[in-house]
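Please find below some notes for a colleague who is beginning to read protein structures. They are best read with the model open alongside.

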Amino acid sequence: MGRKDVENYLFNQLTMVMRKKIAAANWKMNLNWNEAKELITQVLDQNPTIPSLHQVIIAVPFPYLDMASHLIAEHPGFAIAAQNCYHKSSGAYTGEVSATMLASMGIRYCLVGHSERREYQQETPAQLSDKLQLCFSQAITPVFCCGEPLTIRESGDPCDYVRNQLSESLLSLTPEQIAQLIIAYEPIWAIGTGKTASAAQAQEMHLAIRNYLTSTYGSVIADAIPILYGGSVKGNNADAIFTNPDIDGGLVGGASLNAVEFSAIIKALPQ
Ligand code: PGA
């Protein structure tokens, strides 16, 4: 299939389906078993119904994936994600978890390339590209994270930096795969710092990402991809961030550890 065929095919599939608005929680390495159970239960209680165009994704530590999946099983609109998977499919990699394992437990989403993993685990663009391929091979939707450090924000070209992150890791994906991706833009200087990109800064970057996707894959695919903002999203700033046309929700760290805060963020998703 050529690019035009793919576009036509996707156009038919997608014209009826608008881009989902997504509130994604990233718990990182927090909470014990009972706290995790309690938090999911509270979030479910506070959000008994999720509009059909909305999706809530909760990325929990590996040991909680099964328990969390069972808790949300009867709650349409909720899904559980892994925070990572390994860049090899199987083998002698002690302590690692493969996309195949995740899929075999029914996990349908996985974060890929979070800045903390790029920094602390030295994850490379080539490894991230392999992770994306492995996720797609298992029908897992990757949430691909990108974002610039403070030095680039202050004295470089942040849009160019993020475009490079995308092109380095997405290059090997087919247009059909790209169309199923979720992207999370998370400026590193805003993660866990209490500093949020202004709504204008976030929208400018999201538009740059959308324009890059349009010029590389065409507008049908670019318009189908949810682009989330991450970096100190809270209940009291989510509204201002989410009202921008190219921002399709948030990837939320700290505030997702509190049911009231995270529920306010879910409720701030545009209708
Ligand atoms: P934060 O983290 O909301 O605590 O800034 C976001 C993230 O790292 O995904």
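1. The central feature of this predicted model is a closed barrel of 8 strands, which runs β1-β2-β3-β4-β5-β6-β7-β8 with parallel pairing. On average, neighbouring strands of this sheet are turned by 25° against each other, direction ignored. As background, the strands of a sheet pair through backbone hydrogen bonds, in either a parallel or an antiparallel manner.

2. Part of the barrel may be followed strand by strand. Strand β5 (residues 141-146) pairs in the parallel sense with strand β6 (residues 182-185) over 4 bridges. Within this pairing, C145 has A184 of β6 as its bridge partner. Helix α8 (residues 158-170) packs on the sheet and touches both β5 and β6; the direction of helix α8 makes about 145° with that of β5.

3. Continuing around the barrel, β6 and β7 run parallel and are joined by 3 bridges. Here A184 has L228 of β7 as its bridge partner. β7 in turn pairs in the parallel sense with strand β8 (residues 249-252) over 2 bridges, and the partner of G230 in β8 is L251.

4. Which residues of strand β7 (residues 227-230) point one way, and which the other? I227 and Y229 point one way, whereas L228 and G230 point the other way. All of these residues are buried. In a regular strand, side chains alternate between the two faces of the sheet.

5. On another part of the sheet, helix α3 (residues 65-72) lies across β2 (54-60) and β3 (78-82). Helix α3 runs at about 170° to β3.

6. Residue V56 is placed in strand β2. Is V56 buried or exposed? V56 counts as buried because its relative accessibility is 0%, and the cut-off for a buried residue is under 20%. Leaving aside neighbours within four places in sequence, the contacts of V56 are A23, I50, G77, F78, A79, F262 and I266. The C-alpha atoms of V56 and N30 are separated by 19 Å, although these residues are 26 residues apart along the chain.

7. The second largest pocket also merits attention; its volume is about 410 Å³. It is lined by 17 residues, of which K28, M29, Q83, N84 and R117 are the closest to its centre. Helix α5 (residues 115-120) gives the largest share of this lining, with 3 residues. By class, the lining has 8 nonpolar, 6 polar and 3 charged residues.

Note on methods: Residues are numbered from 1 along each chain as its sequence is written. This is a predicted model: local features need pLDDT of at least 70, side-chain atom pairs count only at pLDDT 80 or more; totals for chains, interfaces and linings use all residues. Side-chain values use heavy atoms; hydrogens and water are left out. Two strands pair if DSSP finds at least two bridges between them. Axes are lines fitted to C-alpha atoms, for helices over the stretch in contact, and angles run from 0 to 180 degrees between N-to-C directions. Contact means heavy atoms within 4.5 Å. On a 1 Å grid over the protein atoms alone, a cavity is a set of points where a 1.4 Å probe fits but cannot get out, and a pocket is an open set with protein on both sides within 12 Å along at least five of seven lines; lining residues have an atom within 4 Å of a point. Grid points are joined across faces, edges and corners, and a volume is the space filled by probe spheres set on the points. Ala, Val, Leu, Ile, Met, Phe, Trp, Tyr, Cys and Pro count as nonpolar, Asp, Glu, Lys and Arg as charged, and the others, Gly among them, as polar. Buried means under 20% relative accessible area, exposed over 50%, partly exposed in between (1.4 Å probe, protein chains only).
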